[in-house]
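Me: I would like to go through this model with you before I set anything up. Could you take my questions one at a time?

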Amino acid sequence: MKIRRKDRFHYRQGTDESNCASCEYMVPPSGITLRAGGAPGVQITRCEMIGLGVGKNYDIDPGGLCDAYKRKG
């Protein structure tokens with residue numbers, strides 16, 4: 001299930017010039033992510049505008065883009 005914030009901010013595929021990887025709201029992965037059984041998992045980025053919650057609904061693709069986009073710097 002997609003979270004409502006992704007719909008509200010029209011989260012979609014970005015372009016080479018404008019994407020989540022170059023956005024001020026992007027939060028890099030931190031800490032250790034564990035999968036079921038305790039094996040190390042893939043670390044996923046989050047967005048301050050969409051949410052920093054736990055779960056795949058909050059996963060952000062660095063190549064994505066939303067209406068809240070604000071270029072770093």
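Reply: Certainly, and one term should be fixed at the outset: a residue counts as buried when its relative accessible area is under 20%, as exposed when that area is over 50%, and as partly exposed in between. By that rule cysteine 66 is buried, with a relative accessible area of 8%. Please keep in mind that this is a predicted model.

Me: What is the overall layout of the chain, in helices and strands?
Reply: The chain contains one helix and four strands, and their order along the sequence is α-β-β-β-β. The C-alpha trace spans about 40 × 25 × 20 Å along its principal axes. Of the 73 residues in the chain, 30% are buried.

Me: You mentioned a cysteine. How many disulfides does the structure hold?
Reply: The structure has zero disulfides.

Me: Why is there no bond for cysteine 66?
Reply: The closest cysteine sulfur to that of cysteine 66 belongs to cysteine 47 and lies 5.3 Å away, which is too far for a bond. The cut-off that matters here is 2.5 Å between the two sulfur atoms.

Me: And cysteine 23, which cysteine sulfur is closest to it?
Reply: That is again the sulfur of cysteine 47, at 6.0 Å from the sulfur of cysteine 23, so the distance is too far for a bond. Cysteine 23 is buried, its relative accessible area being 7%.

Me: Now for empty space inside. How many cavities of 30 Å³ or more are there?
Reply: The count is one cavity of 30 Å³ or more. The largest cavity has a volume of about 70 Å³.

Me: Which residues line the largest cavity?
Reply: The lining includes the three cysteines just discussed, Cys23, Cys47 and Cys66. Among the other lining residues are Asn19, Tyr25, Met26, Met49, Ile60 and Leu65. By class, the lining of this cavity divides into eleven nonpolar residues, one polar and no charged.

Me: What about the largest pocket, how is its lining divided by class?
Reply: The lining of the largest pocket comprises seven nonpolar, six polar and three charged residues. The volume of this pocket is about 340 Å³. It is lined by 16 residues, and those nearest its centre are Thr33, Ile44, Arg46, Gly53 and Val54.

Me: Arg46 catches my eye. Is it buried or exposed?
Reply: Arginine 46 is buried, with a relative accessible area of 16%. It is found in strand β3.

Me: What lies 3.0 Å from a polar atom of its side chain?
Reply: The backbone oxygen of glycine 53 lies 3.0 Å from a polar atom of the arginine 46 side chain. In addition, the side chains of arginine 46 and aspartate 59 form a salt bridge, with an N to O distance of 2.7 Å. Aspartate 59 lies in the loop between β3 and β4, so the pair ties together parts that are 13 residues apart in sequence. Aspartate 59 itself is partly exposed, at 25% relative accessible area.

Me: How many salt bridges does a search of the whole structure find?
Reply: The search finds three salt bridges. As background, side chains of opposite charge can pair when their charged atoms come close.

Me: Which residues pair with arginine 12 and with glutamate 24?
Reply: Arginine 12 meets aspartate 67 in a salt bridge, at 3.1 Å from N to O. That pair links distant parts of the chain, with arginine 12 in strand β1 and aspartate 67 in the segment after β4, 55 residues apart. Glutamate 24 forms a salt bridge with lysine 70, where the closest N and O atoms are 3.8 Å apart. This pair also links distant parts, since glutamate 24 is in the loop between β1 and β2 and lysine 70 is in the segment after β4, 46 residues apart.

Me: How accessible are those four residues, starting with arginine 12?
Reply: Arginine 12 is partly exposed at 37%, and aspartate 67 is partly exposed at 46%. Glutamate 24 counts as partly exposed at 40%, as does lysine 70 at 41%.

Me: One last item: where is glutamine 43 found?
Reply: Glutamine 43 is in the loop between β2 and β3, and it is partly exposed, with a relative accessible area of 36%. Its C-alpha atom is separated by 8.9 Å from that of proline 28, which is 15 residues away along the chain.

Note on methods
Residues numbered from 1 in each chain as written. Predicted model: local features only at pLDDT ≥ 70, side-chain atom pairs only at ≥ 80, totals over all residues. Heavy atoms only, no water. Buried < 20%, exposed > 50% of the residue type's maximum accessible area, 1.4 Å probe, protein only. 1 Å grid on protein atoms, 1.4 Å probe; cavity = no way out; pocket = protein on both sides within 12 Å on 5 of 7 lines; lining within 4 Å. Points joined across faces, edges and corners; volume = space filled by probe spheres on them. Nonpolar A, V, L, I, M, F, W, Y, C, P; charged D, E, K, R; others polar. Salt bridge = Lys/Arg side-chain N within 4 Å of Asp/Glu carboxyl O. Helix = DSSP H or I, 4+ residues; strand = E, 2+ residues; numbered from the N terminus. Polar contact = N/O pair within 3.5 Å; in protein donor to acceptor, adjacent residues only side chain to side chain.
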